[in-house]
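Student: Could you take me through one part of this model slowly and carefully, and then show me how that part sits within the rest of the chain?

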Amino acid sequence: AALGHAVHLVTPLPSIGSWLAYTLEQPRVIAALYAAGVAMHPYVAATAWQEGMLQIIRADTGQPLPPLAAQTLITVGARDPNQDLAQELAAVRIAHRVIGDAEAPGLIQAAVYSAHSHARAMLGDCRPLDDA
């Protein structure tokens, strides 16, 4: 978002960053996302990714919602090293990278580190986090 890209945060949970409520960080994080221009979609579930469109529904009712246009999709899933999605993406030649728990389940800190490191690489800062 800081580079001018439209960013949509989609979660099937009733609030954005719900765990942050336990650490008292949620208001600050939500305010920072809002200030950065991130569009937030709580209670929304992704159902398909086709031709640059994310198909979505209301997570609580299943009601279809207008799709979101995007060039890049970053998914966060369960702590299960399931490579099925990566294999499907490779079969249709969609560029992707498996990171975090999809690669190897571990501590939450390891998943966050993996995602942060990948984001830095995507943004052009390829230095390891330890050198930052």
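Tutor: A69 is found in strand β5, and this is a helpful place to begin, with the caution that the model is a predicted one. With a relative accessibility of 54%, A69 counts as exposed, because the cut-off for that word is over 50%. If we set aside the neighbours within four places in sequence, the residues in contact with A69 are G52 and M53. The first of these, G52, lies 17 residues away from A69 along the chain, yet the C-alpha atoms of the two are separated by 5.8 Å. As for M53, this residue stands opposite A69 of β5, and that pairing leads us to the sheet around it.

The sheet is an open one of 3 strands, arranged in the order β3-β4-β5, and the pairing within it is antiparallel. At its edges are β3, which covers 44–50, and β5, which covers 64–69, and each of these edge strands pairs on one side only. From one strand to the next, the twist averages 25°.

Let us now go through the two pairings in turn, starting with β3 and β4. Strand β4 is made of residues 53–58, and its antiparallel pairing with β3 runs over 6 bridges. Two examples of bridge partners can be followed by eye in the structure: W49 has L54 of β4 as its partner, while A48 has Q55, again in β4. The hairpin formed by β3 and β4 has 2 residues between the strands, and in this hairpin E51 takes a positive phi near 50°.

The second pairing joins β4 and β5, which run antiparallel to one another over 4 bridges. Here the hairpin has 5 residues between the strands, and the residue that takes a positive phi, near 80°, is G62.

One charged pair should be looked at alongside this hairpin, namely the salt bridge that D60 forms with R58, where the closest N and O atoms are 2.5 Å apart. In general, side chains of opposite charge can pair when their charged atoms come close. D60 is partly exposed, because its relative accessible area of 37% falls between the limits of 20% and 50%. R58, with a relative accessible area of 30%, is partly exposed as well.

By the rule used here, the count of salt bridges comes to 2, and beside the pair just described there is one between E25 and R28, whose closest N and O atoms are 3.3 Å apart. E25 counts as partly exposed, with a relative accessibility of 30%, whereas R28 counts as exposed, with a relative accessibility of 52%.

For a contrast with A69, you could turn to S114, whose place is in helix α4, a helix made of residues 108–122. S114 has a relative accessibility of 16% and therefore counts as buried, since that word is used for values under 20%. Leaving out neighbours within four places in sequence, we find S114 in contact with I99 and G100.

Beyond that helix, in the segment after α4, is L123, which counts as exposed at 61% relative accessibility. L123 also belongs to a nonpolar patch on the surface, formed with L3, I74 and M122, and together these residues have about 460 Å² of accessible area.

Finally, we can set these parts within the whole chain. Its secondary structure comes to 4 helices and 5 strands, and when the chain is read along the sequence, these elements follow the pattern β-α-α-β-β-β-β-α-α. Of its 132 residues, 16% count as buried. The chain exposes about 9,700 Å², of which carbon and sulfur atoms supply 60%. As to how distant parts of the sequence meet, if we take the contacts between residues at least 6 apart in sequence, 32% of them join residues at least 24 apart.

Methods: Residues are numbered from 1 along each chain as its sequence is written. This is a predicted model: local features need pLDDT of at least 70, side-chain atom pairs count only at pLDDT 80 or more; totals for chains, interfaces and linings use all residues. Side-chain values use heavy atoms; hydrogens and water are left out. Two strands pair if DSSP finds at least two bridges between them. Axes are lines fitted to C-alpha atoms, for helices over the stretch in contact, and angles run from 0 to 180 degrees between N-to-C directions. Buried means under 20% relative accessible area, exposed over 50%, partly exposed in between (1.4 Å probe, protein chains only). Contact means heavy atoms within 4.5 Å. A salt bridge is a side-chain nitrogen of Lys or Arg within 4 Å of a carboxyl oxygen of Asp or Glu. Accessible areas come from the Shrake-Rupley method with a 1.4 Å probe; for residues, only the protein chains shown count as cover. Patches are made of residues with over 30% relative accessible area and no salt bridge: like charges are joined within 9 Å, nonpolar side chains (Val, Leu, Ile, Met, Phe, Trp, Tyr) within 5 Å.
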